[in-house]
Amino acid sequence: MASSTLHFTTSPPSTTLTKPRTQTTHHPAPRLRPPPPSLRPKLTVTHSYKVVIENESRTTELEVEPDETILSKALDSGLDVPHDCKLGVCMTCPAKLLSGAVDQSEGMLSDDVVERGYALLCVSYPKSDCKVRIIPEEELLSLQLATAND
């Protein structure tokens, strides 16, 4: 290792300082690898579904998120849709599913009635674009009671 030398002179004033030279090594930045798939954050892309509601002589198209019910979106949009309990028990928000699919597993309709394409809008979450027609409560009640007697 070299030593430092310091020189002083009286005229003209100057100072010389010599530092030992050290060798520096260049370390490249470490390469960052993405984490394995099991540790990567899960990205969920959700999109709304187009739901067409036929009510009497009016047809309305709504964009409904997968985590909201068709009834709640219809009411938020100002539609006059029959409803009461919003729990899937009272059957005052019946509809006929004309196309598409909904999840109504929270409702109380019998499997036979659901398989025939009937739904309660208060517990119907869209699983695809769909089209529904609001029907009279009596139509659904007669079907539900008929299947209960079978």
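A residue is called buried here when its relative accessible area is under 20%, exposed when over 50%, and partly exposed in between (1.4 Å probe, protein chains only). By that yardstick, Ser-124 is buried, with a relative accessible area of 0%.

Before going further, a word on the input: this is a predicted model, in which local features need pLDDT of at least 70 and side-chain atom pairs count only at pLDDT 80 or more, while totals for chains, interfaces and linings use all residues. Residues are numbered from 1 along each chain as its sequence is written, and side-chain values use heavy atoms, with hydrogens and water left out.

**Ser-124 and Tyr-125**

Let's stay with Ser-124, which sits in the loop between β7 (118–120) and β8. Strands, like helices, are DSSP runs numbered from the N terminus (E, at least two residues for a strand; H or I, at least four for a helix). Leaving out residues up to four places away in sequence, Ser-124 touches Glu-68, Thr-69, Ile-70, Val-102, Asp-103, Gln-104 and Ala-119, where contact means heavy atoms within 4.5 Å.

Tyr-125 belongs to strand β8 (residues 125–126). With the same sequence neighbours set aside, its contacts include Pro-66, Asp-67, Ala-101 and Glu-106. Tyr-125 also touches Asp-103; the two are 22 residues apart in sequence, yet 5.0 Å apart in space, C-alpha to C-alpha.

**Salt bridges**

How many salt bridges does a search of the whole structure find? There are two, counting a side-chain nitrogen of Lys or Arg within 4 Å of a carboxyl oxygen of Asp or Glu.

| Pair | Closest N to O | Separation in sequence |
|---|---|---|
| Glu-54 and Lys-131 | 3.2 Å | 77 residues |
| Arg-133 and Glu-54 | 3.7 Å | 79 residues |

Each pair links distant parts of the chain: Glu-54 is in strand β3 (residues 49–55) and Lys-131 in strand β9 (residues 130–134), with Arg-133 also in strand β9. Together, Glu-54, Lys-131 and Arg-133 are linked in a network of salt bridges. Lys-131 is partly exposed at 30% relative accessible area, and Arg-133 is partly exposed too, at 34%.

**A negative patch**

On the surface, Glu-61, Glu-63, Glu-65, Asp-67 and Asp-129 gather in a patch of negative charge. Patch members have over 30% relative accessible area and no salt bridge, and like charges are joined within 9 Å. Asp and Glu count as negative, with the charge placed at CG of Asp or CD of Glu. Accessible areas come from the Shrake-Rupley method with a 1.4 Å probe. Among the patch members, Glu-61 lies in strand β4 (residues 58–64).

How values were computed. Patches are made of residues with over 30% relative accessible area and no salt bridge: like charges are joined within 9 Å, nonpolar side chains (Val, Leu, Ile, Met, Phe, Trp, Tyr) within 5 Å.
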